[in-house]
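This report describes the fold of one protein and the main pocket in it. Look at the sequence and the model first, then read on.

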Amino acid sequence: MENSVITKDVLHFLDQLKNNNNREWFEKNKAHFKSLEAEVKSFYQILMEKMKEHDEIEKLKMFRIYRDVRFSKDKTPYKSHFAGSYSRAGAKLRGGYYLQIRPGESFIATGFWQPNKEDLFRIRKEFELDAAEFREQINKSPFKNTWGELVGDEVKTAPKGFSKDDPNIDLIRKKAFIFVRNFSDKEVLDKNFIDEVNKSFKEIRPFFDLMSEILTTNLNGESLLN
């Protein structure tokens with residue numbers, strides 16, 4: 001069954017799971033979980049179809065509710081959220097989309113979370129050469145009204161091979177290039193939530209276009225793609 005809204009039942013179940021994060025409780029409530037999981041997956045699928053109207057989306061990946069606790073101090077077996085990511089199609093289209101549903105902590109995120117070392121170096125060299133176009137793009141309205149400030153981990157001083165006195169060192173230091181938008185539970189439950197998420201993702205497109213151009217060309221602007 002198609003479902004284009006997130007229901008109160010979804011948030012209530014996740015809240016209960018957070019407070020009863022054990023296998024015994026989950027097994028007793030697994031049938032209910034499966035029903036809600038199907039609803040949420042339908043929501044993510046419908047969102048993907050909306051996104052395809054303004055971008056080329058290759059696939060949706062829904063993350064499992066089960067946690068990998070092998071190397072974690074936190075041994076609780078389940079995540080208390082639903083989450084999924086959307087991959088863009090083709091070598092020319094870089095960047096990705098993420099949506100998490102969790103009581104009090106729902107958000108969407110876009111950008112470049114853990115770029116490989118070659119991509120990270122290429123981005124930093126671009127900023128070393130000239131970051132004016134990048135700054136102009138991320139400071140435009142309504143882009144900034146929707147997404148706010150660029151976030152992401154960064155090195156403390158300067159990456160190896162770059163000067164700490166570079167005028168663009170604030171960007172060069174970054175190890176990730178991410179934008180995040182948070183949503184309240186009231187906003188998540190609103191019937192227009194799916195359209196608001198889609199509109200926000202559409203707003204990120206100019207940023208993706210610029211970053212894709214950087215990552216598929218050399219510093220002379222020549223294509224690196226065959």
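Two strands count as paired if DSSP finds at least two bridges between them. The model discussed here is predicted.

**Overall make-up**

The protein has 226 residues, and 42% of them count as buried. Its secondary structure comes to 10 helices and 5 strands. Measured out along the principal axes, the C-alpha trace spans about 60 × 40 × 35 Å. Among the contacts with a separation of 6 or more, 68% are between residues 24 or more positions apart.

**The sheet**

The 5 strands of the open sheet follow the order β1-β2-β3-β4-β5, and their pairing is antiparallel. At the edges stand β1 (57–62) and β5 (177–183); each has a single partner strand, so one side of each is left without a neighbour in the sheet. From one strand to the next, the twist averages 15°.

Two of the pairings can be set side by side, each with a pair of residues that face each other as bridge partners.

| Strand pair | Bridges | Sense | Residue pair |
|---|---|---|---|
| β3 and β4 | 5 bridges | antiparallel | G96 opposite G111 in β4 |
| β4 and β5 | 7 bridges | antiparallel | F107 with N182 in β5 |

Helix α10 (residues 205–215) packs on this sheet and touches β2, β3, β4 and β5. The direction of α10 makes about 30° with that of β4.

Although β5 is an edge strand, 5 of its 7 residues are buried, so β5 is largely enclosed by the rest of the structure. For this step, buried means under 20% relative accessible area.

**The largest pocket**

Rolling a probe the size of a water molecule over the atoms shows where empty space is left. The largest pocket has a volume of about 530 Å³. Which elements give two or more residues to its lining? They are β2 (82–88), β3 (96–101) and β4 (106–112). The largest share, 5 residues, comes from β4.

In total, 19 residues line the pocket, and G96, G111, F112, W113 and Q114 lie nearest its centre. Two of these, G96 and G111, have already appeared in the table, where G96 stands opposite G111 in β4. By class, the lining has 10 nonpolar, 7 polar and 2 charged residues.

The strand β4 thus links the two parts of this report: β4 pairs with β3 over 5 bridges, is joined to β5 by 7 bridges, and gives the largest share of the pocket lining.

Conventions. Residues numbered from 1 in each chain as written. Predicted model: local features only at pLDDT ≥ 70, side-chain atom pairs only at ≥ 80, totals over all residues. Heavy atoms only, no water. 1 Å grid on protein atoms, 1.4 Å probe; cavity = no way out; pocket = protein on both sides within 12 Å on 5 of 7 lines; lining within 4 Å. Points joined across faces, edges and corners; volume = space filled by probe spheres on them. Helix = DSSP H or I, 4+ residues; strand = E, 2+ residues; numbered from the N terminus. Nonpolar A, V, L, I, M, F, W, Y, C, P; charged D, E, K, R; others polar. Axes fitted to C-alpha atoms, helices over the stretch in contact; angles between N-to-C directions. Contact = heavy atoms within 4.5 Å. Buried < 20%, exposed > 50% of the residue type's maximum accessible area, 1.4 Å probe, protein only.
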